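I opened this model to look up its cores, one helix and one threonine. My entries follow.

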Amino acid sequence: MRPFEYGVDGPKVIVAGVDGSETSLRAGAYAWGLARRAGARLVVVHVAPVASMGTLTPGGAAALRETAEEVSAQIRRELEAAAGREQVRYDFVTELGDPYTVLARVADESRADAVIVGASAQAGHRIIGSVAVRLVKAGRWPVTVVP
């Protein structure tokens, strides 16, 4: 019989969706800790939705884009600070688009072993489904939803 091995069969690539919300930041922190303990590569994905930008005035769309860039810059600063304290291999991806579509594509391209996202607090998602629910329904990766 072979001896028990700690942590050798865990995820090697973890994708975490972070949009700046409280639950997504908790998901990012959870993913960071998991990647650190497992020695996995972490792919942090920030997606700024564009669907609502088409209905805004040009000034409103520019303001929304600027806010997305500020959130992305803040997430990047947090990652760099954490990387200074702990050794975690990570990549940071930021894009405009549909969060589900981008997360699914990045997870497929990076051959993710796990996808981690925060739970949605938006009431409408109970009816049409959140990004987390859509990821789970895709059934292509284990998905952890952090409250």
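I began with the largest nonpolar core (buried Ala, Val, Leu, Ile, Met, Phe, Trp, Tyr and Cys residues joined through side-chain atoms within 4.5 Å). Among its 18 residues, Ile14, Leu42 and Val44 touch the most other members. S1, H1, S2 and helix H2 (58-85) each give at least two residues to this core. H1 supplies the largest share, five residues. I took helices (H or I, at least four residues) and strands (E, at least two) as DSSP runs, numbered from the N terminus.

This is a predicted model, and local features need pLDDT of at least 70, side-chain atom pairs pLDDT 80 or more, while totals for chains, interfaces and linings use all residues. Residues are numbered from 1 along each chain as its sequence is written, and side-chain values use heavy atoms, without hydrogens and water.

I then listed the contacts of Ile14 (heavy atoms within 4.5 Å). Beyond four places in sequence, they include Ala31, Leu34, Leu42, Ala114 and Ile116. A second, separate core has 17 residues, including Val15, Ala104, Val106 and Val115.

Next I checked H3, residues 99-109. Tyr100, Val102, Leu103, Ala104, Val106 and Ala107 are buried there (under 20% relative accessible area, 1.4 Å probe, protein chains only). Their cover includes strands S1, S2, S3 and S4 and helix H5. Just after H3, Arg111 has a positive phi of about 55°.

Last, I looked at Thr23 in H1. Thr23 counts as buried because its relative accessibility is 16%. A polar atom of its side chain lies 2.7 Å from the backbone oxygen of Ala119. Thr23 also touches Gly118, Val146 and Pro147, among others.

Terms used:
Buried < 20%, exposed > 50% of the residue type's maximum accessible area, 1.4 Å probe, protein only. Polar contact = N/O pair within 3.5 Å; in protein donor to acceptor, adjacent residues only side chain to side chain.
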